[in-house]
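Dear colleague,

I am passing on the structure that we spoke about, with the sequence alongside. Please have a look at it first; my notes on what was found follow below.

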Amino acid sequence: MQYNINEVDIQLQRLLNSERENVLNSLDSSITTGELSLELIITSIKHCKKQISSIDKYLCEKDYNASDRNSLMVKRKAFDENLAIWNLCGHIQLTSIQVKNIQKRLYSELTNEHQKIMAIGDASLLIYESSKVIIDGTGKSFIGFLSKELAPDQLEDFKSLRKELTTYREINSKSLKDIRVKNVAHRDMDILNQISVIEELNWSNCIQLLLDYEKILNRFGAYLSSLIHLGNKVLAIAFQ
């Protein structure tokens, strides 16, 4: 089996040989920070789900007049919308952590081509699956919620960001799907089909693919900070 090693791979390996420790330490620091943020997101998701469950329970167990029932439904809707925001935050944050862990593997295994191939496969599966989840999670209903709460220019910024991710996925979808179907999530029954996919995989191309994906995730993360503030505002209005 022939590994796809080009001049960019060789030059990048030389660069990483001298900078690898600093790069790995930086990734470790980012992963630790990301895991702490993820725990806060998980706490917020559980809180929203608990409140929604409590409201549903109250609505089922008691008779309320129209005014009280409407008040509870407004609060439930506010928690639903916050749950959608926090759930998206969770997907973004977890994916970002997973990207960095795969980057660590790619940067650590500079001489083990088989381990590189395994990491490239995992990266391809992660990008293929997680990008679809993020795109689906920011679809029509999510945009509908934002359109009622955001200024037109802010809404267009979010739509543009979602379109950027969609375009990124569309451009890379065929190759990512081939890797997913033939080598990672599934295995092609014809071993030569598996080998042909493996021989096309390239280490430096995968590093660039992850860096491009990470840039989009970071932009989502920055934007979601404003959405969290928006969700808190919606809750505050619901409880007035």
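Asn183 is a residue of helix α5, in a model that, please bear in mind, is predicted. With a relative accessibility of 11%, which is under the 20% limit, Asn183 counts as buried. Its side chain comes to 3.2 Å from the backbone oxygen of Gln194, and, if residues up to four places away in sequence are not counted, Asn183 touches Asp178, Gln194, Val197 and Ile198.

Three of those partners lead on to helix α6, which spans residues 191–200 and whose buried residues are Gln194, Val197 and Ile198. When one looks down the axis of α6, these buried residues fall within an arc of 100°, so they line one face of the helix. Leu192 and Glu200, by contrast, are exposed on the other side of α6. The cover over the buried residues of α6 includes α3 (113–137) and α5 (152–184). At the start of α6 there is also a polar contact, in which a side-chain oxygen of Asp190 reaches to within 3.0 Å of the backbone nitrogen of Leu192.

A second residue of helix α5 that deserves your attention is Ile179, which counts as buried because its relative accessibility is 8%. Leaving aside neighbours within four places in sequence, Ile179 is in contact with Gly121, Ser124, Val184, Val197 and Leu201; Val197, one of the buried residues of α6, is also touched by Asn183. As for distances along the chain, Ile179 and Lys163 are 16 residues apart in sequence, while their C-alpha atoms are 24 Å apart in space.

Turning to the interior, which residues have the most contacts inside the largest nonpolar core? They are Leu106, Leu146 and Leu227, in a core that has 63 residues. The elements that give two or more residues to this core are α1 (7–61), α2 (66–108), α3, α4 (140–149), α5, α6 and α7 (203–238), and α7 gives the most, with 16 residues. In soluble globular proteins, nonpolar side chains tend to be buried together. To take Leu106 as an example, and again not counting residues up to four places away in sequence, Leu106 touches Lys116, Ala119, Ile120, Trp203, Cys206, Ile207 and Leu210.

There is also some empty space to report. The largest pocket has a volume of about 300 Å³ and is lined by 17 residues, among which Ser37, Cys89, Ile92, Gln93 and Gly221 lie nearest its centre. The elements that give two or more residues to the lining of this pocket are α1, α2 and α7.

As for enclosed space, the structure holds 1 cavity of 30 Å³ or more, and the largest cavity contains about 40 Å³ of space. The lining of the largest cavity is made up of Tyr3, Asn4, Ile5, Glu113, Lys116, Ile117, Ile120, Leu201, Asn202 and Trp203, and its largest share, 4 residues, comes from α3. Some of these names have come up already: Lys116, Ile120 and Trp203 are among the residues that Leu106 touches, and Leu201 is in contact with Ile179.

With best wishes

Definitions and conventions: Residues are numbered from 1 along each chain as its sequence is written. This is a predicted model: local features need pLDDT of at least 70, side-chain atom pairs count only at pLDDT 80 or more; totals for chains, interfaces and linings use all residues. Side-chain values use heavy atoms; hydrogens and water are left out. Buried means under 20% relative accessible area, exposed over 50%, partly exposed in between (1.4 Å probe, protein chains only). The arc is that of the directions from the helix axis to the C-beta atoms. Contact means heavy atoms within 4.5 Å. A polar contact is a pair of N or O atoms within 3.5 Å; within protein, one must be able to donate a hydrogen and the other to accept it, and residues adjacent in sequence count only if both atoms are side-chain atoms. A nonpolar core is a set of buried Ala, Val, Leu, Ile, Met, Phe, Trp, Tyr and Cys residues joined through side-chain atoms within 4.5 Å. On a 1 Å grid over the protein atoms alone, a cavity is a set of points where a 1.4 Å probe fits but cannot get out, and a pocket is an open set with protein on both sides within 12 Å along at least five of seven lines; lining residues have an atom within 4 Å of a point. Grid points are joined across faces, edges and corners, and a volume is the space filled by probe spheres set on the points.
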